[in-house]
Amino acid sequence: MTLNEFMLSYLYIPLGGNRVSKTRLYFNLSLVFVLSGLWHGASWNFILWGAYHGSFLIFDRLFLKNLLERVGALVATVFTFFIVVVGWAIFRMEDFSRMQLVIDKLFSFQNGTGFEMDYQFCVVLVVAIFFSVLTVTRWGRDLEVFCFEKDVLNLSG
């Protein structure tokens, strides 16, 4: 059983799922994501990470999905990429000052930041950007459908 299946079956649905008032729905989503963050570790960065993802899920239901559909796939992909990267920074950094530094430098786009962009970092960045942009192409969508409909990746174990 995956964490997603567990949270859905034993927490989200018993709380009423999405068959409740909007206020209760947003509470349910917040609680499930904060607890999924806590599941990853008993540290504030994990709780903050869960709250961060829960917030964006709520924003998506409130207005974000419609806004991103209007701006187009490329802008939506770049926006989602930055949201995920900030989420990684929150998840990875246990020290709030270091987390703030990473996030500040992520959006400063200046040299001399004190971070060494070594070979490994550049490779990961290029691969992440490639796969993010790939999803907006027809070939990328066809590949996604092929992999998940045929369960080629066998993610369920």
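These legends go with a set of close-up views of a predicted model.

**View 1. The whole chain is built from helices, with seven of them and zero strands.** Walk along the sequence and you read the pattern α-α-α-α-α-α-α. The protein chain has 157 residues, and 26% of them count as buried.

**View 2. Helix 1 and helix 2 cross at roughly 135°.** Here you are looking at residues 3-12, which make up helix 1, alongside residues 22-40, which make up helix 2. Their axes come within 11 Å. An angle of roughly 135° makes helix 1 oblique to helix 2, because it takes an angle over 145 degrees to count as roughly antiparallel. As for handedness, helix 1 passes helix 2 in a right-handed crossing.

**View 3. Lysine 22 sits in helix 2 and has isoleucine 58 10.0 Å away, C-alpha to C-alpha.** In sequence, lysine 22 and isoleucine 58 are 36 residues apart. Is lysine 22 buried or exposed? Lysine 22 has a relative accessible area of 59%, so it counts as exposed, the cut-off being over 50%.

**View 4. Serine 30, also in helix 2, pairs up in this view with histidine 53.** The two residues are 23 positions apart in sequence, while their C-alpha atoms are 8.7 Å apart in space. Serine 30 has a relative accessible area of 30%, so it is partly exposed: that value falls between the 20% limit for buried and the 50% limit for exposed.

**View 5. Six nonpolar residues make a surface patch of about 500 Å².** The members are Phe59, Leu62, Phe63, Leu67, Val71 and Val75. Which helix gives the patch its largest share? That would be helix 3, residues 44-71, which supplies five residues. Phenylalanine 59 is one of the patch members and lies in helix 3. With a relative accessibility of 34%, phenylalanine 59 counts as partly exposed. That value also lets it into the patch, because patch residues need over 30% relative accessible area.

**View 6. Helix 4 and helix 5 run roughly antiparallel, with their axes crossing at roughly 155°.** Helix 4 covers residues 73-92, and helix 5 covers residues 96-108. The two axes come within 9 Å. Why call this pair roughly antiparallel? The crossing angle is roughly 155°, and angles over 145 degrees count as roughly antiparallel, so helix 4 and helix 5 get that label. The crossing of helix 4 and helix 5 is right-handed.

**View 7. Arginine 138 and aspartate 142 form a salt bridge in helix 7.** The closest N and O atoms of the pair are 3.7 Å apart. That distance passes the test because a salt bridge needs the side-chain nitrogen within 4 Å of the carboxyl oxygen. The count for the model comes to one salt bridge. Helix 7 covers residues 138-149, and the two partners are four residues apart in it, so about one helical turn separates them. How exposed is each partner? Arginine 138 is exposed, with a relative accessible area of 61%, whereas aspartate 142, at 41%, counts as partly exposed.

Key:
Residues numbered from 1 in each chain as written. Predicted model: local features only at pLDDT ≥ 70, side-chain atom pairs only at ≥ 80, totals over all residues. Heavy atoms only, no water. Patch = residues over 30% accessible without salt bridge, like charges linked within 9 Å, V, L, I, M, F, W, Y side chains within 5 Å. Areas by Shrake-Rupley, 256 points an atom, 1.4 Å probe, with all protein chains shown as cover. Helix = DSSP H or I, 4+ residues; strand = E, 2+ residues; numbered from the N terminus. Buried < 20%, exposed > 50% of the residue type's maximum accessible area, 1.4 Å probe, protein only. Axes fitted to C-alpha atoms, helices over the stretch in contact; angles between N-to-C directions. Parallel < 35°, antiparallel > 145°, perpendicular 65-115°, else oblique. Left-handed = near helix turned anticlockwise from the far one by under 90°.
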